[in-house]
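Good morning, and thank you for the opportunity to present at this meeting. I shall introduce one structure, beginning with a term and then turning to the chain and its parts.

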Amino acid sequence: MTVSVSLDSLPEDLLVEISSCVAASSLSEISNLRLVSKSFKRISNDRYVLRRLSLNEIPLFPWFRNRGKFHNFIKRCRKNGNPEAIYRKGLVDYFHRNSSKRQRDKGLKHIAKVANKGNQEAQYVYGLILICLGGETKQKGFKILSSLRKPLMSSTLEEMEKHRKKIRNEMWWCGEPMMRHLKRRYVRVNCNCDGRTDIFFVKNSGWDRYGEHNDMITCSACEICLWHHEVKLFFANIEE
């Protein structure tokens, strides 16, 4: 004998947990889930679900017709504590060419808040900003970036490249003036390393990178050289 169970009869907390797990994996999947039942449609607007919702599928500046509706949706996610929504707000407010000093200060606080919660892209941006601003913040920036290192240099650099390309592609058109400002502020820290880290970068600058015999253990690399290399790549083609 087959017993059918209506989804609407399931406990509310179970529906919320199911919805939040789906939301954390994909925005399109939660959109599909809303069509399953009235309960899922209602619960998809739950505070916990919105907080966990993944926004990876949405570009930072989407070309939607109904932009007002989209911005209201992102704002609702942000008010419910969604880290990605808070980070997006911070990124735009800090880098946008039309932002005021007050907006930039608030934007940096948003980025810092999400970075402190372990979001790796936010940690990457926040760390780079701090080492560019210099002064007392530089060492804090090095410490934050160090948390992103992988065991091998090849995997570390590939991870940095992923973050770098995403941010530059999204922010270049409106963030170039602020990027130029940060590039001007940046001053390299002197180091007394043996030069092996820079040699590694030179050997792996072509198409045939990170061969079996020319990788490097990240903990043996000079961190100052590593992040100087990343700063150069992040600000490449930006005139001072």
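A crossing of two helices is called right-handed if the near helix is turned clockwise from the far one by less than a right angle, and left-handed if it is turned anticlockwise. With that term in hand, please note that the crossing of α10 and α11 is right-handed. Please note also that what you see is a predicted model.

Let me first describe the chain as a whole. It contains 12 helices and zero strands. Read along the sequence, the pattern is α-α-α-α-α-α-α-α-α-α-α-α. The C-alpha trace spans about 75 × 50 × 30 Å along its principal axes. The chain has 240 residues, of which 43% count as buried. Among contacts in the chain with a separation of 6 or more, 70% come from residues 24 or more positions apart.

I return now to the pair with which I began. The axes of α10, residues 153-185, and α11, residues 196-203, come within 12 Å and cross at roughly 70°. Angles of 65 to 115 degrees count as roughly perpendicular, and α10 and α11 are therefore roughly perpendicular to each other. On the α10 side, the contact is made by Met153, Ser154 and Leu157, and on the α11 side by Thr197, Phe200 and Phe201. By class, these residues divide into four nonpolar, two polar and no charged.

The second pair is α5 and α6. Helix α5 covers residues 67-79 and helix α6 covers residues 83-95; their axes come within 7 Å and cross at roughly 115°. How are these two helices oriented to each other? The two are roughly perpendicular, as follows from that angle. Here α5 passes α6 in a left-handed crossing. Ile74, Cys77 and Arg78 of α5 form the contact with Ala85, Ile86 and Lys89 of α6. This contact of α5 with α6 has four nonpolar, no polar and two charged residues.

Let us stay with α6 for a moment. At 1.5 Å a residue, its 13 residues should span 18 Å, and the end C-alpha atoms of α6 are indeed 18 Å apart, so the two values agree. How many residues of α6 are buried? The number is 10 of 13, and the helix is thus mostly covered. Among the buried residues of α6 are Ala85 and Ile86, both of which also take part in the contact with α5. Others include Tyr87, Leu91, Val92, Tyr94 and Phe95, together with the charged residues Arg88 and Asp93. Against which helices do the buried residues of α6 pack? They pack against α5, α7, α8 and α10.

The third pair is α8, residues 120-133, and α9, residues 137-146. These helices pack at an angle of about 155°, with their axes 7 Å apart. Since angles over 145 degrees count as roughly antiparallel, α8 and α9 are therefore roughly antiparallel to each other. In this case α8 passes α9 in a left-handed crossing. The residues of α8 in the contact include Tyr124, Gly127, Leu128 and Ile131, and those of α9 include Thr137, Gly141, Phe142 and Leu145. The residues of this contact divide into nine nonpolar, four polar and two charged.

I come next to α12, residues 223-234. At 1.5 Å a residue, the 12 residues of α12 should span 16 Å; its end C-alpha atoms are 16 Å apart, which agrees. Its buried residues include Leu226, Trp227, His228, His229, Val231 and Phe234. The buried residues of α12 pack against α8, α9, α10 and α11.

One residue of α12 deserves a separate word, namely glutamate 230. Is glutamate 230 buried or exposed? Its relative accessibility is 1%, and glutamate 230 therefore counts as buried. Setting aside residues up to four places away in sequence, glutamate 230 touches Tyr124, Leu128, Met160 and Arg164. Tyr124 and Leu128 are also among the α8 residues that meet α9.

Finally, consider asparagine 237, in the segment after α12. Most residues other than glycine have a negative phi. Asparagine 237, however, has a phi near 70°, a positive value in a residue other than glycine. At 66% relative accessibility, asparagine 237 counts as exposed, whereas glutamate 230 counts as buried.

Thank you for your attention.

How values were computed. Residues are numbered from 1 along each chain as its sequence is written. This is a predicted model: local features need pLDDT of at least 70, side-chain atom pairs count only at pLDDT 80 or more; totals for chains, interfaces and linings use all residues. Side-chain values use heavy atoms; hydrogens and water are left out. Axes are lines fitted to C-alpha atoms, for helices over the stretch in contact, and angles run from 0 to 180 degrees between N-to-C directions. Helices (H or I, at least four residues) and strands (E, at least two) are DSSP runs, numbered from the N terminus. Angles under 35 degrees count as roughly parallel, over 145 as roughly antiparallel, 65 to 115 as roughly perpendicular and the rest as oblique. Contact means heavy atoms within 4.5 Å. The expected span of a helix is 1.5 Å times one less than its number of residues. Buried means under 20% relative accessible area, exposed over 50%, partly exposed in between (1.4 Å probe, protein chains only).
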